[in-house]
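Hi,

Here is the structure I promised to pass on. Have a look at it first, and then read my notes below.

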Amino acid sequence: MRSHLFTNTLLFFLVFSCLSVGLTAQTLPDFSSVDVASLSDQQIESYLKQAQAIGYSEEDLLTLAKSQGVSTAQLSLLNSRISSIRSLRVSQALGSPVESSRLRKPYLDSLEVVSKKETNIYGLSIFRKGSFLSFQTNQNIPTPQDYILGAGDEVYIDVYGASESYYQAKLNPDGTIVLENIGPVALSGLSIEEAEKRVKDRLSASYDGMKGSQPNTFLNLSLGQVRSVNVNVIGHVEIPGTYNLSALNTAFNALYAAGGITELGSLREVKHFRNNKLVSTIDIYEFLQNGFSEGDNRLESGDVILVQPYTNRVSLKGATKISGRFELKADETLADLLNYAGGFSENAYAASIKLNRIQDGEKRVADINSDQFDVFTIQAGDEYVVSEVLNRYSNRVVAQGAVFRPGNYSLGQGLSLRELIEKTDGLRPDAFMSRGIIKRTTEDLSTETIAFNLQNVISGAQDFDLQREDVVTIFSKNELKEESFLEVLGEVNQPGVLDFSQGATLNDVLLLAGGVSTSASGGSIEVSRRILSDTQDGFSLSETFVFNIDLEGKIIEDGEFKLSPYDQIVIRKNPNYKRQQLVSIEGQVHSPGQYALKNQGERISDLLSRSGGINQFAFVEGATLIRKTEFYEEPTDLEKQIDDLINLQDKFDKSPDLLTEAELAMLSRIENSILELEKRDASNQNLSNYAKRERIKEVIERNALTSNIQLKQAEAIGIDLQSIIDAPGSTSDLLLEEGDVLIIPKKSETVRLRGKLLYPTTSRFVEGKSLKYYINNAGGFDYRAKKKGTYVVYANGEVARTRSFLFMKFYPKPETGSEIIVPSKPLKVPVRIQDVIGITSGLATLALVISQIK
């Protein structure tokens with residue numbers, strides 16, 4: 001049952017497809033066999049109707065023709081014929097709107113953006129391309145009531161109510177539209193309202209419902225795509241020419257399309273001509289001042305926009321809101337100029353304006369008072385300068401120094417020194433009462449100083465009358481002496497400089513410095529004091545006081561020792577304080593890892609014993625001790641302390657919700673301590689290692705040693721581990737130092753060969769074989785091999801080189817795990833003939849000079 005249903009459905013679709021193809025083939029021709037130029041308008045009209053009947057648009061018809069192999073030239077001609085016929089077609093009455101959207105397409109002019117340099121002419125840049133003001137008209141604004149229809153305008157006619165029909169038509173060059181069953185209707189020269197009335201009168205003959213006082217069928221006419229108009233923009237514009245613009249555009253759009261007005265053009269009288277008559281004169285300043293211009297009318301085809309040269313331009317400089325060059329009409333005054341400039345700025349001297357004018361062949365200067373602004377006539381070329389107010393005070397006195405409110409004060413009708421001090425809310429407690437100074441400006445702008453006793457002025461025993469621009473200075477006791485401070489150095493948590501306060505004790509300063517560090521417990525404190533007494537013999541530099549610190553970090557002696565200004569407090573480290581020192585043992589031992597040194601006399605044998613001794617796989621002959629050199633940058637105590645705190649912080653790496661109040665407080669203290677230590681470490685770098693490295697570099701350069709010397713931070717020391725195991729404490733049993741790493745490798749049964757060999761390789765160790773045996777295993781020496789420089793590096797780091805006696809070479813004996821290295825001969829630079837000739841000529845010349853001297 002299902003298979004029969006599927007088969008019948010498939011057959012139905014196949015038959016329907018064949019019928020559709022056959023219908024298309026029957027109704028539309030094969031355009032590849034048709035000469036488009038020979039087709040009549042009636043034939044093309046018939047093809048368009050046939051295409052519309054089967055649901056094809058004009059674009060679909062062109063696509064069909066292209067798919068049939070029609071050439072590009074024939075397609076272009078067919079498109080042109082269709083466009084021509086479309087303008088003459090009768091608008092058919094359709095049952096639904098032709099287009100889903102009736103928004104007008106945006107109109108774009110073809111000009112590129114014109115960029116211009118900046119200008120100081122007021123309003124000139126408003127029409128220039130590239131500005132943010134484009135003057136582009138919105139094509140989808142409601143159709144203006146005064147819009148006049150013309151050839152090229154598109155209209156939509158909607159009939160709705162008891163009857164429903166839709167028309168879409170474009171006015172042909174004769175200004176008419178052709179409606180189906182109605183005929184041509186002339187709409188050119190009518191407004192939208194008038195056109196709607198005329199179309200309604202014509203359609204009412206076919207739609208009875210439109211007639212009478214109570215119609216049931218209604219009509220609406222709206223403007224579709226707007227026609228374009230050709231406008232000529234001439235005169236002083238950037239790009240004069242003819243522009244194709246939308247009929248909704250105005251004169252401002254035409255000026256913008258032409259790139260704006262040049263510096264020679266007038267902004268006050270832009271003329272708009274239509275049919276050889278002046279339609280309007282546009283004043284662009286009116287738009288700039290009020291936001292509109294009455295002369296900015298809508299454009300029509302054939303309109304001319306003329307920009308004439310400017311006639312009356314003046315300059316305005318100085319303290320106005322807008323400065324530059326302005327164009328004024330003959331009847332405008334200086335007040336109009338100031339209005340265009342936005343008025344005076346805040347610091348302008350508005351009582352008068354200076355004028356520079358050319359008159360009788362020379363320049364003249366005039367002052368225009370404010371009461372003349374409304375009547376003063378402008379002339380071309382005038383230059384007006386608005387000055388700023390004077391940078392001076394007419395009634396000012398200044399109070400500065402140790403008063404509560406220093407600053408400028410009004411002199412008023414009269415002001416005394418005591419009254420000024422009262423205006424400042426009085427003296428500060430640190431005011432120096434014995435003397436103050438008045439700095440007075442005389443008539444010739446020189447100054448004089450008047451001293452006074454401040455105590456007498458306050459008590460009323462003395463006073464002074466102040467004058468304009470007097471500057472009264474009240475000195476501060478603290479500013480008259482060197483700032484007192486204390487300096488804390490050494491083993492405290494926050495060393496540095498502290499401000500001095502009377503009564504400060506040693507305990508107070510230690511607390512302000514964050515307390516003593518752990519290394520200071522059991523140490524001492526030394527206070528160094530300046531010698532101010534004149535009874536000294538001049539030999540002593542300072543007076544010192546020493547205090548001891550117990551193991552709990554407290555001062556054993558008088559912790560309430562009174563400090564004096566400029567004291568230096570040095571907290572010294574406990575000489576017996578030592579941080580743990582670690583060494584490492586790696587490789588073939590029972591318990592490899594890090595070990596803390598018990599004392600300064602611990603040796604390799606002691607470390608070997610603590611690690612459980614060597615195992616059965618240990619290669620004793622290859623044991624090596626790695627030791628830091630003098631170039632190793634030893635971590636400072638601060639860096640070690642920071643690392644310890646970070647490790648302690650990591651112990652609390654869990655959700656804050658799971659931490660107790662005590663743990664949260666500890667974390668906060670740790671974070672603060674890390675930040676503080678990092679600041680100290682950045683400003684207190686260990687300079688000893690740096691100085692040591694620089695000194696050794698200097699020695700190397702001064703003695704012209706080989707340039708391949710590297711300042712290594714670690715080096716390998718060859719040791720005889722078997723001797724150490726057999727005789728602990730012997731000369732081979734070295735004392736350990738912090739950071740030492742003892743490496744005991746696994747037994748090796750190979751010998752490695754490197755350098756200038758034909759085939760550097762690793763060879764199996766054979767007991768009793770000489771170095772030549774292993775060289776042969778690597779293919780022998782390379783032609784650049786320096787045979788006598790061959791040497792062997794043994795597993796424990798020791799080196800043995802080749803020795804020579806007469807013409808014989810004694811090569812070192814390889815051992816298991818050793819490495820044979822063959823160096824390269826240096827490159828020989830051949831002596832050129834030119835060099836030989838030059839040297840010979842020089843010697844001959846020298847011999848000739850010597851013979852002449854004799």
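Arg313 sits over the face of Tyr310, at 3.8 Å from the ring centre. Keep in mind that this is a predicted model. A second charge over a ring turns up at Phe617, where Lys746 lies over the face at 5.7 Å from the ring centre.

Next, rings with rings. A pair of aromatic rings is described by the distance of the centres and the angle of the planes. There are 13 aromatic pairs in the structure. One of them joins Tyr285 and Tyr340: the ring centres are 5.0 Å apart and the planes stand at 75°, so this pair is edge-to-face. What does it tie together? Tyr285 belongs to helix α7 (residues 284-290) and Tyr340 to helix α8 (residues 334-340), so the pair links parts that are 55 residues apart in sequence. Both Tyr285 and Tyr340 are buried. They also belong to one aromatic cluster, formed by Tyr122, Tyr285, Phe326 and Tyr340.

Tyr773 and Tyr774 make another pair, with centres 5.1 Å apart and planes at 80°, so it is edge-to-face too. Are these two buried or exposed? Tyr773 has 27% relative accessibility and therefore counts as partly exposed, while Tyr774, at 0%, counts as buried.

Now take a look at helix α5 (residues 192-203). At 1.5 Å a residue, its twelve residues should span 16 Å, and the end C-alpha atoms are indeed 16 Å apart, so the two agree. Which residues of α5 are buried? They are Ile192, Ala195, Val199 and Leu203. Looking down the axis of α5, you'll find these buried residues within an arc of 65°, so they line one face of the helix. Glu193 and Lys197, on the other side of α5, are exposed. As for what the buried residues of α5 pack against, that's β1 (154-161), β2 (165-170), β3 (176-179), β4 (183-186) and β5 (217-223).

Last, the core. In soluble globular proteins, nonpolar side chains tend to be buried together. The largest nonpolar core here has 72 residues, and those touching the most other members are Leu203, Leu255, Ile284 and Tyr384. Helix α6 (residues 251-257) gives the largest share of this core, with five residues. Try clicking on Ile284: apart from neighbours within four places in sequence, its contacts are Ile126, Phe127, Phe252, Leu255, Ile261, Leu267 and Val270.

Cheers

Definitions and conventions:
Residues are numbered from 1 along each chain as its sequence is written. This is a predicted model: local features need pLDDT of at least 70, side-chain atom pairs count only at pLDDT 80 or more; totals for chains, interfaces and linings use all residues. Side-chain values use heavy atoms; hydrogens and water are left out. Rings of Phe, Tyr and Trp (its six-membered ring) pair if their centres lie within 6.5 Å; planes under 30 degrees apart count as stacked, over 60 as edge-to-face and the rest as tilted. Helices (H or I, at least four residues) and strands (E, at least two) are DSSP runs, numbered from the N terminus. Buried means under 20% relative accessible area, exposed over 50%, partly exposed in between (1.4 Å probe, protein chains only). A charge sits over a ring if NZ of Lys or CZ of Arg is within 6 Å of the ring centre and within 35 degrees of the ring normal. The expected span of a helix is 1.5 Å times one less than its number of residues. The arc is that of the directions from the helix axis to the C-beta atoms. Contact means heavy atoms within 4.5 Å. A nonpolar core is a set of buried Ala, Val, Leu, Ile, Met, Phe, Trp, Tyr and Cys residues joined through side-chain atoms within 4.5 Å.
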